[in-house]
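Welcome, and thanks for opening the viewer. Have your selection tool ready, and we will walk through the model stop by stop.

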Amino acid sequence: MNLKAILSDIETIDPEACERLNHAAGRTSRRNLFRLGTKAAVAAVPLAFGASLKTAYGQTSNAAAILEILNFALTLEYLEDSFYKAALAAPGLIPAGDRAVFQLISTHEERHVSFIETAIRTAGGTTVTRPRLDPTAKGAYPNVLSNYQTFLTVAQALEDTGVRAYKGQAANLISNDDVLQAALQIHSVEARHAAEVRRIRGQKPWATSTNNPATIAAVYEGEGNVTQGGVNVGSLQVSGITLGASAAGDAFDEPLTRAQVLAIATPFIGA
Amino acid sequence: MLKVMIDSVACNGKVGRRWFMQVVGVTSAATGLTACDTLLDDENPYVGGVQLGRDDVGVLNYAYALEQLEAAFYTQMLTTPYAGITPEETQLLTDIRDHEIIHREFLRTALAGDAIESLELNFGSLNFGDRAAILAAARQFENTGVAAYNGAGKLLKNPDFLTLAGKIVSVEARHAALIADLLQPRTTYFASDEVVAFNGLEIVQTPAQVLSAVRPYTGTVVNGDLLPTT
């Protein structure tokens, strides 16, 4: 895989991109691009989406910028997809009572992979090579596929990282309504996964900056931030109600940069 | 601004004072609010309601309206807790209430003079004493909130506002998953087919769909007709 390409920091997108994309979308029946609810429509979505991207950008550098973000997301989805498939295949790892949860999460990750792959290819781009998963993260979690608590810890780390990764790219996709909306639609599904895994672990569903295992502390760096849009939300007061001490930090999930995400994810990429 | 007032009155003599003030407030931050036929057409009978406004301010007011609704709902839930509520459930629901209050107060503070008024809310149709019924209502509110934010992201023009909306929506999604897990623990209910489509993407709702869905609970009619569509 071309990690170097993904790592390259393209944080700015051509300001004219929006206009070009809007023109293209208008020509290709924009309102049908993301109609959901039926299998037939869903199958068509990434195709239309990719076509929209291709029509707008051709082979310009702007296409490359958005495709790199999509390949960055795809890399994370590949790792999650491989991780849950390995876990579901590991005998005795996931208790019968929790299996339905992880089967569903696995299915979602597989479909995120399929959606993003199709979008990239339809846009004329090339998908990154699927990385080989090292579920132990270079030996940091040697029993991840035999000890349920270790598995849950790593699952929580991957899900919460995924939420922060998509959030960190939203503003970089603002010029393209279709890609942005799809990214947000995946983002909230990852948050649901994270909440459920945390609950199974006996943790609160919210991402906190405290009470996290030391091995996954990097996943929660900066989560305690209470300054939002220039407002100190830790100092907000409401008469008659005492807000919880961690509520201001927990009420907002924080983004991670691509570099931060890749520092967390790279150990899970095997040789 | 004076022209807007005159146009508004000229369009419809029944324009309420509250709506009138909202239009004026919004106009101070938005532009071009002079076409009264856009405001008062046949499809918009709610001339007495709250106008969310245009552009990013309108979208943020839309979020502010939803957060007002959620904060009030959970405040009521904890004031009149359902029968058999456990200490853990009380703690988790208190956390959610606090998050929603913080979202509400944050948006009100950020919008400052452009913020809509406090909505009149009415949860009289809900049975707060019944665990299954009220958690089902909570789940609907949360699912609607996530779908609303997912649909609103592309309406924003300022990337900083987009990131802030992203910071809130994933917390709402966590709430939604938790409430579903309280109803049906350790099942697929936390991210069911109702909210996650076959392709693994969560559903999206437009402001019109969302405002219609919450209409039974908003004593004040919330009008999103001026919101952007892209």
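Is D81(A) buried or exposed? Select D81(A) and you will find that this residue of the predicted model is buried, at 1% relative accessible area.

**Stop 1: salt bridges within chain A**

Keep D81(A) on screen and add R130(A): their side chains form a salt bridge, with N and O 2.4 Å apart. D81(A) belongs to helix α4 (residues 61-89) of chain A, whereas R130(A) sits in the loop between α5 (99-122) and α6 (148-170), so the bridge ties together parts 49 residues apart in sequence. Unlike its buried partner D81(A), R130(A) is partly exposed, with 37% relative accessibility.

Staying on α4 of chain A, pick K85(A) there and E110(A) in helix α5 of chain A, a pair 25 residues apart. These two also meet in a salt bridge, at 2.9 Å from N to O. E110(A) is partly exposed at 37%, and K85(A) is likewise partly exposed at 37%.

**Stop 2: across to chain B**

Now show both chains and select R199(A) with D181(B), a salt bridge whose closest N and O atoms are 2.5 Å apart. This pair crosses between chains, running from helix α7 (residues 177-200) of chain A to helix α7 of chain B. Both R199(A) and D181(B) are buried. Add D98(A), E88(B) and R186(B) to the selection, and you have a network of salt bridges that links them with R199(A) and D181(B).

Another bridge to display is E202(B) with R192(A), at 2.8 Å between the closest N and O atoms. In total, eight salt bridges are found across the interface of chain B and chain A, and 20 over all chains.

**Stop 3: the whole interface**

Colour the contact residues next: 59 come from chain B and 62 from chain A. About 5,300 Å² is buried between the two chains, 67% of it from carbon and sulfur atoms. Highlight R174(B), R186(B) and F198(B), which supply 16% of the area chain B buries against chain A, more than any other three residues.

There are also 24 residue pairs in polar contact across this interface. On the chain B side, helices α5 (87-111), α6 (131-152) and α7 (159-183) each supply at least two residues. Of these, α7(B) gives the most, with 18 residues. The chain B side as a whole divides into 27 nonpolar, 19 polar and 13 charged residues.

**Stop 4: helix α9 of chain A**

Finally, select residues 258-265 of chain A, where R258(A), V261(A), L262(A), I264(A) and A265(A) are buried. Look down the axis: these buried residues fall within an arc of 160 degrees, so they line one face of the helix. Turn to the face away from the buried side to find the exposed A259(A) and A263(A).

Technical notes:
Residues numbered from 1 in each chain as written. Chains lettered and ligands numbered in written order. Predicted model: local features only at pLDDT ≥ 70, side-chain atom pairs only at ≥ 80, totals over all residues. Heavy atoms only, no water. Contact = heavy atoms within 4.5 Å. Buried area = accessible area lost by both parts, 1.4 Å probe. Salt bridge = Lys/Arg side-chain N within 4 Å of Asp/Glu carboxyl O. Polar contact = N/O pair within 3.5 Å; in protein donor to acceptor, adjacent residues only side chain to side chain. Helix = DSSP H or I, 4+ residues; strand = E, 2+ residues; numbered from the N terminus. Nonpolar A, V, L, I, M, F, W, Y, C, P; charged D, E, K, R; others polar. Buried < 20%, exposed > 50% of the residue type's maximum accessible area, 1.4 Å probe, protein only. Arc of directions from axis to C-beta.
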